[in-house]
Amino acid sequence: DLGPEASFSTFPTPVSIGKEEYFLARGKDGAYRLLSAVCPHRWGRIVQWDTCFMCPDHGWRFEFNEGICINGPNARMYAVAVAVRDGRLYAEVPLPS
């Protein structure tokens, strides 16, 4: 349970679940998703940078809506679908072990 949908007005927005860091994004299709702050290349920490996300370790940049790499290979940020139920946002993420 991420909270009431109405409490999220700016996208992307950082979200922590346990020790894991994500960005709540809203795609061009209107669907919500959690984008992992872990880079799919070498597992560096992705940060919000100017008008995109970026992995400072190697400079890959990802667009804000769906986490698609915009300056490198055919890659994307790991994503978790988010559902809206009764005005609240819910995501299914694996629990830390």
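Which residues does tryptophan 60 touch, not counting residues up to four places away in sequence? The exercises below take up this question and several others.

The model is a predicted one, in which local features need pLDDT of at least 70 and side-chain atom pairs count only at pLDDT 80 or more, while totals for chains, interfaces and linings use all residues. Residues are numbered from 1 along each chain as its sequence is written, and side-chain values use heavy atoms, with hydrogens and water left out.

**Exercise 1. List the contacts of tryptophan 60, and then describe the nonpolar cores.**

Step 1. A contact means heavy atoms within 4.5 Å. With residues up to four places away in sequence set aside, tryptophan 60 touches Cys39, Pro40, His41, Phe53, Met54, Cys55, Cys69, Asn71, Pro73 and Ala75.

Step 2. A nonpolar core is a set of buried Ala, Val, Leu, Ile, Met, Phe, Trp, Tyr and Cys residues joined through side-chain atoms within 4.5 Å. Buried stands for under 20% relative accessible area, exposed for over 50%, and partly exposed for what lies in between, with a 1.4 Å probe and protein chains only.

Step 3. The largest nonpolar core has 14 residues, and those that touch the most other members are Phe23, Cys39, Ile46, Phe53, Trp60, Phe62 and Met77. There is also a second, separate core of eleven residues, which includes Tyr32, Val80, Leu89 and Ala91.

**Exercise 2. Find the order of the strands in each open sheet, and name the edge strands.**

Step 1. Strands (E, at least two residues) are DSSP runs, numbered from the N terminus. Two strands pair if DSSP finds at least two bridges between them.

Step 2. One open sheet has six strands in the order 1-9-8-4-3-2, with antiparallel pairing. Its edge strands, each of which pairs on one side only, are strand 1 (3–4) and strand 2 (13–17).

Step 3. Within this order, strand 8 (residues 79–85) and strand 9 (residues 88–91) pair in the antiparallel sense over four bridges, and arginine 85 has arginine 88 in strand 9 as its bridge partner.

Step 4. Another open sheet is formed by three strands in the order 5-6-7, again with antiparallel pairing. Here strand 5 (47–49) and strand 7 (61–62) are the edge strands, each pairing on one side only. Strand 5 pairs with strand 6 (residues 52–54) over three bridges, and valine 47 stands opposite methionine 54 in strand 6.

**Exercise 3. Locate the backbone features at proline 12, aspartate 50 and aspartate 86.**

Step 1. Begin with the general background: most residues other than glycine have a negative phi, and most peptide bonds are trans.

Step 2. Phenylalanine 11 and proline 12 are joined by a cis peptide bond, with omega about -5 degrees. Proline 12 is placed in the loop between strand 1 and strand 2.

Step 3. Aspartate 50 has a positive phi, near 55 degrees, and is placed in the loop between strand 5 and strand 6. Because its relative accessibility is 66%, aspartate 50 counts as exposed.

Step 4. Aspartate 86 also has a positive phi, near 50 degrees, and lies in the loop between strand 8 and strand 9. At 82% relative accessibility, aspartate 86 counts as exposed.

**Exercise 4. State how many salt bridges there are, and describe the partners of aspartate 1, arginine 33 and glutamate 66.**

Step 1. A salt bridge is a side-chain nitrogen of Lys or Arg within 4 Å of a carboxyl oxygen of Asp or Glu. By this rule the count is four.

Step 2. Aspartate 1 is bridged to arginine 88, with the closest N and O atoms 3.0 Å apart. This pair links distant parts of the chain, since aspartate 1 is in the segment before strand 1 and arginine 88 is in strand 9, 87 residues apart. Aspartate 1 is exposed at 55% relative accessible area, whereas arginine 88 is partly exposed at 28%.

Step 3. Arginine 33 meets aspartate 29 in a salt bridge at 3.9 Å, N to O. Arginine 33 counts as buried, at 14% relative accessibility, while aspartate 29 is exposed, at 58%.

Step 4. Glutamate 66 forms a salt bridge with arginine 76, the closest N and O atoms being 3.9 Å apart. Both residues lie in the loop between strand 7 and strand 8, so the pair ties together parts that are ten residues apart in sequence.
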